[in-house]
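Trainee: I should like to understand how the terms used for a protein model are justified. May we take them one at a time?

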Amino acid sequence: MNPADLLAAMTRTVEQLAAYNDIAKALTSTLELREVLNLMMEKVRSLLRPRNWSLLLQDERTGKLYFEIAVGEGAEVLKGLQLTPGEGIAGAVFSTGTARLVEDVTRDPLFASRFDEVSAFRTRSIVAVPLIARGRVLGVIELVNGATDRPFTQDDLMALTAISDFAAIAIENARNFRRVQELTITDEHTGVYNARHLRAQLEHEVRRSQRFHHPVSLIFLDLDRFKAINDAHGHLVGSAVLKEVGELLVSCCRQLDYVFRYGGDEFALLLVETGTDGAMTSATRIRDTFRNRRFQEEAGLDLQVTASLGVATYPEHALSSVDLVRAADFAMYAAKARGRDDVCLAVPHADLPGGAAMMPRKSRPVPDDCRPGRERAQCWCCACPPGPEADPALGRAPAPSTRTTNGTVATAPWRCTCAQSL
């Protein structure tokens, strides 16, 4: 080897070692998948200098390969395409888990020309390596050179294989981290978000609403007489119905909205950038969907479940995230008081910082269903005082209690006071 070739080989080795060092640092500094992958693909570009390069990952839901990253001529078109495992050179590499070096694609029967046709690019040479973690192929890194570019070599294949090992580790770690994050905010029975995430996301959306001056709405939903299903068919059927309810609510929402299981048979829907009219339309559509739906048909049952829904909008019905939850919750119980299977809109906060629940009793609207002396359990209306269940998140206070002669504490029956002014 002459001195010039030796110097070039040493320079290439130093560049490779520097790239591997940078990638290793990235793996220990972040678990954000996009950040790590962008760094790796940038190192691929600087080391191997391909005309086009891309990273394909498998969609865990459909099983198809999609372009997570695509750079070069016609790359924007490729980002919208998918290919099945086994299709083309990249698909073959994914299916077999074996790297491929193709110096001239016109001599390879596996080459899929449809991607050149869509991107208006003429491919000459391809090198593709699988991303393998724990014996499972996650995706493919593919480099492409054009008709006027040099063909790829075995040295390119070896360098790309080394980088792919780093990439596979990064993808596996990032996905595991994302799964752990999802477990902390997801309800295990229904698959929708849990109450913890509702509080965090609601705070975030209210702050966004304050900053950008757009509304945000909350729908509280309670299944009517759901205990009867558990009593008649058992809790396993009840849990299966709750899962179907979660799927139904997700199907009724836009992608930017959120569905939460608040607890028991209560659900909440956070409608981003949605005012009162839009929220009422959504709530009415959900109520009608419940009316027309039968649950557990695959199990040989024909169960009908209805729902009572309460709607509240920030800033019309509340001035804080906690008050918004309270307003939607009280509106939901107002729907129950009107006979269930209904939708009720919250009472406007009337510019009072405490919201509708803090309005003076004589100024509160009085529902037709409420009469003096009715027990609290029979009168769930937005004009009544907070309910007997102690829940700091809703601002509820426990029911008043009295001490009996034997020293035990007894809870007094809660009486409706919303009609005292009549």
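Mentor: The discussion below sets values from this structure against the definitions of the terms.

Mentor: This is a predicted model, in which local features need pLDDT of at least 70, side-chain atom pairs count only at pLDDT 80 or more, and totals for chains, interfaces and linings use all residues. Residues are numbered from 1 along each chain as its sequence is written, and side-chain values use heavy atoms, with hydrogens and water left out.

Trainee: What makes a stretch of the protein a helix or a strand?

Mentor: Helices (H or I, at least four residues) and strands (E, at least two) are DSSP runs, numbered from the N terminus. The protein has 11 helices and 14 strands.

Trainee: How do you know that strand 1 and strand 2 pair?

Mentor: Two strands pair if DSSP finds at least two bridges between them. Strand 1 and strand 2 have 6 bridges, in the antiparallel sense, so by that definition they pair. Leu56 has Phe67 of strand 2 as its bridge partner. These two strands form a hairpin with 6 residues between them, and Gly63 in the turn has a positive phi of about 85 degrees. Strand 1 also pairs with strand 6 in the antiparallel sense, over 6 bridges, with Leu56 opposite Val140.

Trainee: Why are strand 3 and strand 4 said to stand at the edges?

Mentor: The open sheet has 6 strands in the order 3-2-1-6-5-4, with antiparallel pairing. Strand 3 (82–83) and strand 4 (100–102) each have a single partner strand, so one side of each is left without a neighbour in the sheet. For strand 4, 3 bridges lead to strand 5 (residues 123–133), and Leu101 stands opposite Val127.

Trainee: What is meant by saying that helix 4 packs on the sheet?

Mentor: Contact means heavy atoms within 4.5 Å. Helix 4 (residues 88–96) touches strand 1 (52–58), strand 2 (65–71), strand 3, strand 4, strand 5 and strand 6 (136–146).

Trainee: Why is helix 4 described as largely enclosed?

Mentor: A residue is buried under 20% relative accessible area, exposed over 50% and partly exposed in between (1.4 Å probe, protein chains only). In helix 4, 7 of the 9 residues are buried, so the helix is largely enclosed by the rest of the structure. Among them are Ile89, Val93 and Phe94.

Trainee: How do you know that strand 1 is mostly covered?

Mentor: In strand 1, 7 of its 7 residues are buried. Asn52, Ser54, Leu56 and Gln58 point one way, and Trp53, Leu55 and Leu57 the other way. In a regular strand the side chains alternate between the two faces of the sheet.

Trainee: What makes a space in the protein a cavity?

Mentor: On a 1 Å grid over the protein atoms alone, a cavity is a set of points where a 1.4 Å probe fits but cannot get out; lining residues have an atom within 4 Å of a point. Grid points are joined across faces, edges and corners, and a volume is the space filled by probe spheres set on the points. The count comes to 4 cavities of 30 Å³ or more, and the largest has a volume of about 310 Å³.

Trainee: Which residues lie nearest the centre of the largest cavity?

Mentor: Of its 25 lining residues, Phe67, Leu78, Phe115, Glu142 and Val144 lie nearest the centre. Strand 1 supplies the largest share of the lining, 4 residues.

Conventions: Axes are lines fitted to C-alpha atoms, for helices over the stretch in contact, and angles run from 0 to 180 degrees between N-to-C directions. On a 1 Å grid over the protein atoms alone, a cavity is a set of points where a 1.4 Å probe fits but cannot get out, and a pocket is an open set with protein on both sides within 12 Å along at least five of seven lines; lining residues have an atom within 4 Å of a point.
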